[in-house]
Each structure stands twice: as C-alpha cells, then as structure tokens.
Amino acid sequence: MTTNTTTVPNTTAAPRLNFAKAAPKVFRALVGFDAAARAGLDPALVELIQIRASHLNHCAYCLHMHTNDARKAGESEDRLHMVAVWREARHFFTAKEQAALALTEAVTLVADGGVPDAVYAEAAAEFEEEELAQVLALILTINTWNRVALATKKVAGTDERA
C-alpha cells in the first residue's frame, strides 16, 4: 500500500536573524548601494535584472517582490513569464535587455567559469561605460540581497520594505 504524503513547511521553526535590526549600519549601506546602482537605469531593465538573478539564486522572496514591482511599473505578464527562458524568447527583449540578462547570468554564476569575454563585449557594446558600471553594480546588489534573504529565510509573499 502506498500513501500520498505532502510535505508541509515547518512554520513553527524559530525565526532567523533580522538582518536590518542586527546590523543596521551594514543594512543602510546596502540600501544606499542599491539606490546608487539603480540611479539612472531604466526601471524595466532594473526589474528584469533583479528577476533573473533571483531565478538563478532560487530566491523566492526576492523573485516575488521584483515580479510584483515589475507589474506595478507596467511590465507585461508575457515578458515576466519569459525572463527565465529569455534565450529561447529573444523577441520579447531588446538587444540591450538581452545583453544585461546575459551579464546577469555570468556574474551571478561567476564560479561556473567567470564572465566570458563575449558576454562582457556584448554588454559593453550595448551600454555606455557609466551605464555598464551601473548595471554591474545592480547585479552585485541583487546577488547580495538574494543571499541575505536566503540566509535569513525570508518568506516569499511578504515584503518587509514598508
């Protein structure tokens, strides 16, 4: 006889560290870094980068937050659904967005082989130097936020920014 069991998440586990309260100076510095990174970038591009990095890092908390932010900013459901498979759905994204998504993947997965010259060259061809630096900084910040959320077990569907 087989039984069908469903695994239910343990919601009674002790909460993990509240990073913002435990390290307020570090948290404020990260918030400042994030704000500086996104300054001057197209808001749609910002969300696409954050969504793709969150996919790769398996960060449900950030993925939920940034897909909601993208919707509020007017992003289409079609494009949101295609971010994870953008290479197979390139016609949904501009050349600039594709270059940013490729760079996001390379930087996020940097341990898998670094940032290939071709990926960097594609991004450098699409962005002016200052904008490319902003994109790179944004990729670094979302990867940091993903790691904070994962390490402290932030729950998808909650948004503690308010």
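**Exercise 1. Decide whether Leu140 is buried, partly exposed or exposed, then place it in its surroundings.**

Solution. Start with the accessibility: Leu140 has a relative accessible area of 39%. Partly exposed covers the range between under 20% and over 50%, so Leu140 counts as partly exposed. Bear in mind that this is a predicted model. Next, find the element: Leu140 sits in helix α8, which covers residues 129-151. Finally, look at its partners on the surface. Together with Phe33 and Leu136, Leu140 forms a nonpolar patch, and the three have about 230 Å² of accessible area together.

**Exercise 2. Work out the overall architecture: how many helices and strands does the protein have?**

Solution. Count the elements and you should get eight helices and zero strands. Written along the sequence, that gives the pattern α-α-α-α-α-α-α-α. Now add the burial: of the 162 residues, 36% are buried. For the surface, the protein exposes about 9700 Å², with carbon and sulfur atoms supplying 59% of that area. To finish, check the contacts between residues at least 6 apart in sequence: 67% of these join residues at least 24 apart.

**Exercise 3. Classify the aromatic pairs of the structure.**

Solution. Here is the approach: a pair of aromatic rings is described by the distance of the centres and the angle of the planes. The structure holds two such pairs. Take Phe19 and Phe27 to begin with: their ring centres are 6.5 Å apart and their planes stand at 65 degrees, so this pair is edge-to-face. Turn next to Phe27 and Trp145, where the centres are 5.5 Å apart and the planes are at 70 degrees, so this pair is edge-to-face. The Phe27–Trp145 pair links distant parts of the chain, with Phe27 in helix α2 (residues 24-38) and Trp145 in helix α8, 118 residues apart. Put the pieces together and Phe19, Phe27 and Trp145 make one aromatic cluster. As a last step, compare the burial: Phe27 is partly exposed at 26% relative accessible area, whereas Trp145, at 17%, counts as buried.

**Exercise 4. Is Ser54 buried or exposed, and which residue does its side chain meet in a polar contact?**

Solution. First locate the residue: Ser54 belongs to helix α3, residues 43-56. Its relative accessibility is 1%, so Ser54 counts as buried. Then list the neighbours, leaving out residues up to four places away in sequence: Ser54 touches Cys59, Cys62, Leu63, His66, Ile142 and Asn146. Of these, pick out Asn146, whose side chain is joined to that of Ser54 by a polar contact of 3.1 Å.

Key: Residues are numbered from 1 along each chain as its sequence is written. This is a predicted model: local features need pLDDT of at least 70, side-chain atom pairs count only at pLDDT 80 or more; totals for chains, interfaces and linings use all residues. Side-chain values use heavy atoms; hydrogens and water are left out. Patches are made of residues with over 30% relative accessible area and no salt bridge: like charges are joined within 9 Å, nonpolar side chains (Val, Leu, Ile, Met, Phe, Trp, Tyr) within 5 Å. Accessible areas come from the Shrake-Rupley method with a 1.4 Å probe; for residues, only the protein chains shown count as cover. A salt bridge is a side-chain nitrogen of Lys or Arg within 4 Å of a carboxyl oxygen of Asp or Glu. Helices (H or I, at least four residues) and strands (E, at least two) are DSSP runs, numbered from the N terminus. Buried means under 20% relative accessible area, exposed over 50%, partly exposed in between (1.4 Å probe, protein chains only). A polar contact is a pair of N or O atoms within 3.5 Å; within protein, one must be able to donate a hydrogen and the other to accept it, and residues adjacent in sequence count only if both atoms are side-chain atoms. Contact means heavy atoms within 4.5 Å. Rings of Phe, Tyr and Trp (its six-membered ring) pair if their centres lie within 6.5 Å; planes under 30 degrees apart count as stacked, over 60 as edge-to-face and the rest as tilted.
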